[in-house]
Amino acid sequence: MTDRPFDPGLQPERTLLSWRRTCLALAVASLVSVRFAAEVLGLAAVVFGVVGMAMAAGAYVAAGHRYRRAHRALSTDGELPTDAAALLLLLGALVTVGAACAVYVVGIAASRL
């Protein structure tokens with residue numbers, strides 16, 4: 001096994017960086033949602049924020065593991081491993097942030113009635 005890239009285009013490295021940017025953006029969105037929704041939702045806003053943040057962090061770690069496995073596989077036998085852990089965690093974080101936003105909007109509408 002060699003440590004140098006298997007191809008000069010560095011596609012796995014760029015993919016890892018894009019996954020990491022997406023995970024970091026979703027983690028920040030989870031924490032910002034706590035800031036805006038805390039007045040309306042109270043403790044539920046904190047729960048939504050922490051769950052979203054934890055899932056985004058899990059996706060960040062899973063993307064790193066997938067990159068290392070892909071790099072190792074492509075450097076040795078040329079076949080990519082299949083894994084959906086990062087995608088599922090990122091989807092969970094996105095659904096959590098979306099649910100927090102929906103509950104916030106419903107809470108704002110209910111308080112104005």
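Here are some short exercises on a predicted model of a protein chain, each with a worked solution.

**Exercise 1. The overall plan**

Find how many helices and strands the protein chain has, and write down their pattern along the sequence.

*Solution.* Start by counting: the protein chain holds three helices and zero strands. Next, read along the sequence, and you get the pattern α-α-α. Finally, look at the contacts with a separation of 6 or more: residues 24 or more positions apart make up 73% of them.

**Exercise 2. Checking the span of two helices**

Work out what span helix α1 (residues 11-41) should have, and compare it with the distance between its end C-alpha atoms. Then do the same for α3.

*Solution.* Begin with α1, which has 31 residues. The rule to use is 1.5 Å times one less than the number of residues. For α1 this gives 45 Å, and the end C-alpha atoms lie 42 Å apart, so the two values agree. Now turn to α3, with its 28 residues: the expected span is 40 Å, the end C-alpha atoms are 41 Å apart, and again this agrees.

While you are looking at α1, follow its axis too: α1 bends by about 40 degrees at R35. Just after α1 comes G42, which has a positive phi, near 65 degrees.

**Exercise 3. What is buried, and under what?**

List some buried residues of α1 and α3, and say which helices help to cover them.

*Solution.* First take α1: its buried residues include L16, C23, L26, V34 and L41. The cover over the buried residues of α1 includes α2 (43-76) and α3 (85-112). Then take α3, where L90, G92, V97 and G107 are among the buried residues. Their cover includes α1 and α2. To finish, step back to the whole protein chain: 31% of its 113 residues count as buried.

**Exercise 4. A look at the surface**

Which residues make the nonpolar surface patch of about 420 Å²? Is V51 buried, partly exposed or exposed?

*Solution.* The patch is made by L43, V46, V47, V50 and V51. Now pick out V51, which you will find in helix α2. Its relative accessible area is 33%. Buried means under 20% and exposed means over 50%, with partly exposed in between. V51 is therefore partly exposed. For the wider view, the accessible surface of the protein chain comes to about 7200 Å², and carbon and sulfur atoms account for 69% of that surface.

Technical notes
Residues numbered from 1 in each chain as written. Predicted model: local features only at pLDDT ≥ 70, side-chain atom pairs only at ≥ 80, totals over all residues. Heavy atoms only, no water. Helix = DSSP H or I, 4+ residues; strand = E, 2+ residues; numbered from the N terminus. Bend = angle between axes of the 7 residues up to and from the residue. Buried < 20%, exposed > 50% of the residue type's maximum accessible area, 1.4 Å probe, protein only. Contact = heavy atoms within 4.5 Å. Areas by Shrake-Rupley, 256 points an atom, 1.4 Å probe, with all protein chains shown as cover. Patch = residues over 30% accessible without salt bridge, like charges linked within 9 Å, V, L, I, M, F, W, Y side chains within 5 Å. Salt bridge = Lys/Arg side-chain N within 4 Å of Asp/Glu carboxyl O.
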